[in-house]
Amino acid sequence: MSYKVLIPSAGLGLRLGGISKNLNKALVPIDNKPSISHVIEKFDKDVEIVIALGHKGETLRDYIEIAHEDRNITFVYIENFSGAGSGLGLTILQCIDYLQCPFIFCPNDSIILDDIPSPEFNWMGYSDVQDSEQYRCIRFDHKKNISQIFEKEKESINKSAYIGLSAIKDYKNFWEFMIDGRNYGSIKTGESYAFKQMINNNVFIKAKKFIWYDTGSIKSLNIARKAISSDDSPHILTKPNEDIWFANKKVIKYNSDEKFISDRVERSKILRGYVPEITHHKKNMYSYKIVSGQTISKSNTQTNFSKLLEFLKKFWSKEPTISGDTEFKNTCRKFYKDKTLDRLNLYFSRKQKKDLNETVNGIEMPPIYNILDVIDWDYLCEGDPCRFHGDLHFENILLSETGEFTLLDWRQNFAGIKEYGDIYYDLAKIMHGLIVSHEIINKDLYNIEINDEIISFDLNRKHSLVENEKQFLLFLSDNDFDVNKVKILTALIYLNIAALHHTPYCDLLFYLGKSMLFKEVCDNEYIQK
């Protein structure tokens, strides 16, 4: 039968806290794919989908137009999506002109594992849950005819939670009750208001059971993420202002900084042949086709790592045209010293902590700013300019079945320079990924304890990465790279990225970086001072 789908996506997503600050909650990823893509992909491509937009609506539309350009989608902008007079019912009513036919009502924060049937009759989806008081609930008879709908503050006898997914066959009745109820609760209550009136007027609504995961709150989102995870999914560490999504055979990179995206797009042209070709881009995101292959993190052997290093030697070999050594040295100082100081200030500000003398894993250490003062910045900033990537860890390197490498998620610039950067930064990025892998962090295989000025931390490491580190150190020596410089920059990388990640991971990064830096630049005499 011919029908449409309504996905209301105008709300603020307040149950998700800060997660929905920069993005509409429909873009929160589950298994590296936004929840709204999980919803859209449940329906045939010939079904028209109506999406109501409000909070961060332009970004959501941009994503959908990139990820699902092959779909028939109508966007409806909701002017009053928050504050006085707003509500789910108002959002629904503003879509009335596009839904004069049977339709499916589908929340954007629900993952449904079953097939979703067409609206050949009226039905409401339900699932058996333990904390049913968090949801509206329904009561139905042995024929699955719904007799009553309970609000969240009340409990039904059978505790069958209404999951928000529903089918409206009798759409004329539905719209009549939604319009007539504008002054009696339909605006705030939403579609369930009309369902109650339909039941009271002897319109049959069936109960339909689904396997369902709610992604609309932090607690339920974490449950969904643990339950829905593909074996071949990349290990991606989340950041508050960016995301990487995988949908419809595309990789889509989002960042709240428009210049970040425009620089990335421009650099993709500079790195052509080594990185995927960007097929779409908008002000806050770009996309490219998924490249076949496995990340090195999943195909890591000593042989593959040796091949990777030989590949990278060719990648780095291009000689850049620069205006002079002094200018590039100043660029490196800006990138290494100034950025580190800015990021540390951000870390201390966010953590509301002071820079102190501390004992880390049994070793007395001065404040981090004192350690930074010991660094010979002239020596460290004698950069070696070359074509660079900027974020070379194993999740950003693909190995195809034919043995070809593709580099992903390249850095947008090197202190403003897009054409080239310091090879030592790439080397340090490799080292940083060999010590701290995304897989280990995602599995929480680390611990850190902070008791005033006494800090202890421990980090699990895969045996293969430990062996790769030995290979890498030999590679550095054999190719006349300065191992000490690589280690210092690796420590600075940990200090730089600490402010960008969640607690307690940010603290692990900070103290790992502090420990490494202290070991590389300080001696026993300094401890006495």
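Where does Asn32 lie? In this predicted model, Asn32 is found in the loop that runs between β2 (29-30) and β3 (33-34).

## Backbone conformation

Asn32 has a phi near 65 degrees, which is a positive value in a residue other than glycine. With a relative accessibility of 15%, Asn32 counts as buried. Asp409 also departs from glycine in its residue type while having a positive phi, here of about 50 degrees. This aspartate belongs to the loop between β23 (405-407) and β24 (421-422), and its relative accessible area of 12% places Asp409 among buried residues.

A further backbone feature concerns the peptide bond between Thr503 and Pro504, which is cis, with omega at about 10 degrees. Pro504 is located in the loop between α16 (483-497) and α17.

## An open sheet of mixed pairing

Four strands form an open sheet in the order β20-β19-β26-β25, and their pairing is mixed. Its edges are β20 (363-365) and β25 (446-451), each of which pairs on one side only. From one strand to the next, the twist averages 20 degrees.

The edge strand β25 runs antiparallel to β26 (residues 454-459), and 6 bridges join the two. Within this part of the sheet, Asn447 stands opposite Asp458 of β26. In general terms, the strands of a sheet pair through backbone hydrogen bonds, in either a parallel or an antiparallel manner.

## Nonpolar cores

The largest nonpolar core comprises 95 residues, of which Trp316, Leu427, Phe472 and Leu517 touch the most other members. Helix α17 (residues 505-521) supplies the largest share of this core, namely 11 residues. Beyond its neighbours within four places in sequence, Leu517 is in contact with Ile368, Ile371, Leu372, Ile375, Ile488, Ala491, Leu492, Leu495 and Cys522.

A second core, separate from the one above, has 39 residues and includes Ile66, Ile104, Trp245 and Ile252. As a general tendency, nonpolar side chains in soluble globular proteins are buried together.

## A long-range contact at Leu237

Which residues does Leu237 contact, leaving aside its neighbours within four places in sequence? They are His438, Ile441, Asn442, His501 and Tyr505. The C-alpha atoms of Leu237 and Asn442 are 7.2 Å apart, although 205 residues separate the pair in sequence.

Leu237 itself is situated in the loop between α7 (218-227) and β14 (242-247). Its relative accessibility is 13%, so Leu237 counts as buried.

## Salt bridges

The model contains 28 salt bridges. One of them joins the side chains of Glu69 and Lys250, with an N to O distance of 3.0 Å. Because Glu69 lies in the loop between α2 (57-67) and β5 (73-77) while Lys250 belongs to strand β15 (residues 250-255), this pair ties together parts that are 181 residues apart in sequence. The two partners are assigned to separate accessibility classes: Glu69 is partly exposed at 47%, whereas Lys250 is buried at 9%.

Lys329 and Glu382 form another salt bridge, in which the closest N and O atoms are 3.1 Å apart. Lys329 is in helix α10 (residues 325-351) and Glu382 in the loop between α12 (377-380) and β21 (385-386), so the bridge connects parts 53 residues apart in sequence. Lys329 is partly exposed, at 22% relative accessible area, and Glu382 is likewise partly exposed, at 44%. A salt bridge is also present between Glu469 and Arg461, whose closest N and O atoms are 2.8 Å apart; Glu469 is buried at 16% relative accessibility, while Arg461 is partly exposed at 32%. Finally, Arg15, Lys25, Asp109 and Asp214 are linked in a network of salt bridges.

## Cysteines

How many disulfides does the model contain? The count is 0. For Cys106, the nearest cysteine sulfur is that of Cys95, 14 Å away. Cys106 is buried, with a relative accessible area of 2%.

Cys332 is likewise in no disulfide, and the nearest cysteine sulfur, belonging to Cys381, is 6.0 Å away. Because a disulfide requires the two sulfur atoms to be within 2.5 Å, this distance does not qualify. Cys332 has 0% relative accessibility and therefore counts as buried.

Terms used
Residues numbered from 1 in each chain as written. Predicted model: local features only at pLDDT ≥ 70, side-chain atom pairs only at ≥ 80, totals over all residues. Heavy atoms only, no water. Pairing = 2+ DSSP bridges. Axes fitted to C-alpha atoms, helices over the stretch in contact; angles between N-to-C directions. Buried < 20%, exposed > 50% of the residue type's maximum accessible area, 1.4 Å probe, protein only. Contact = heavy atoms within 4.5 Å. Core = buried A, V, L, I, M, F, W, Y, C linked by side-chain atoms within 4.5 Å. Salt bridge = Lys/Arg side-chain N within 4 Å of Asp/Glu carboxyl O.
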